[in-house]
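Biologist: I have a chain in front of me and want to learn how to read it. Please take me through it, one feature at a time.

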Amino acid sequence: MTPADRPELRAQAWELSGGRCEWPRCVLPAEELAHLNSVGMGGNPDGSRETIEDVMAACYNHARMTDGLYSLGGRQAYKRDHAHLGVDLDATPRHMVAAVRALALRNHLAGTRSYAA
Ligand SMILES: [Zn+2]
């Protein structure tokens, strides 16, 4: 999905992600919208995948991973790889997940390796 496809959805995703790739531990700038439930991962057979809950801002490679082109990723992988953050991804607003990720990255870079506040 290219940014030109869904400008309003893209703007929402960029606001939620702070313009960064939402893949766990990735620090690259976001370049594309990617589906959390990709066709490749068997998601969204009803066609209702163009919602903010179902997309993420992603760098080039992670957009391809979440869309199943590398046969990795998808929402289950996204959730699994965020498990270390200790947040319920189904119940936590995306901007809060982004804040927790930022804190975890700061702690990691500081050498504490602690994800607790
Ligand atoms: Zn990335």
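Biologist: What share of the contacts between residues at least 6 apart in sequence join residues at least 24 apart?

Modeller: Start with the idea. Two residues are in contact if their C-beta atoms, placed from the backbone, lie within 7 Å. In this chain, take the contacts between residues at least 6 apart in sequence: 62% of them join residues at least 24 apart. This is a predicted model, where local features need pLDDT of at least 70, side-chain atom pairs count only at pLDDT 80 or more, and totals for chains, interfaces and linings use all residues. Residues are numbered from 1 along each chain as its sequence is written.

Biologist: How many helices and strands does the chain have?

Modeller: Helices (H or I, at least four residues) and strands (E, at least two) are DSSP runs, numbered from the N terminus. Here there are four helices and two strands. Their order from the N terminus is α-β-β-α-α-α.

Biologist: Where is confidence highest, and where is it lowest?

Modeller: Use pLDDT, the predictor's confidence in each residue, from 0 to 100. The chain's average is 73, and 68% of the residues score at least 70. Helix 1 (residues 7–17) has the highest confidence, with a mean of 90, and helix 3 (residues 75–81) has the lowest, at 71. Keep one caution: where pLDDT is low, the predicted coordinates should not be read in detail.

Biologist: How do strand 1 and strand 2 run, and how many bridges join them?

Modeller: Two strands pair if DSSP finds at least two bridges between them. Strand 1 and strand 2 run antiparallel, with four bridges joining them. Glutamate 32 has alanine 58 of strand 2 as its bridge partner. Leucine 33 stands opposite alanine 57.

Biologist: What percentage of the residues count as buried?

Modeller: Count neighbours. A residue is buried if 20 or more other C-beta atoms lie within 10 Å of its own, exposed if 12 or fewer, and partly exposed in between; C-beta atoms are placed from the backbone. Of 117 residues, 26% count as buried. Now look at the strands. In strand 1, Glu32 and Ala34 on one side are buried, and so are Leu33 and His35 on the other. In strand 2, Val55 and Ala57 point one way, Met56 and Ala58 point the other way, and all are buried.

Biologist: Which elements give two or more residues to the largest nonpolar core?

Modeller: A nonpolar core is a set of buried Ala, Val, Leu, Ile, Met, Phe, Trp, Tyr and Cys residues joined through C-beta atoms within 7 Å. The largest one has 13 residues, and Cys21, Ala34, Val55, Met56, Ala57 and Ala58 touch the most other members. Strand 1 (32–35) and strand 2 (55–58) each give two or more residues to this core. Strand 2 gives the largest share, four residues. Leaving out residues up to four places away in sequence, alanine 57 touches several residues, among them Ala13, Trp14, Cys21 and Leu33.

Biologist: Arginine 101 lies in helix 4. Why is arginine 101 buried or exposed?

Modeller: Arginine 101 is buried because 23 other C-beta atoms lie within 10 Å. Its C-alpha is 8.7 Å from that of histidine 82, 19 residues away along the chain.

Biologist: Alanine 102 is in helix 4 too. Is alanine 102 buried or exposed?

Modeller: Alanine 102 is exposed, because it has 12 other C-beta atoms within 10 Å. Alanine 102 and valine 27 are 75 residues apart in sequence, yet 9.6 Å apart in space, C-alpha to C-alpha.
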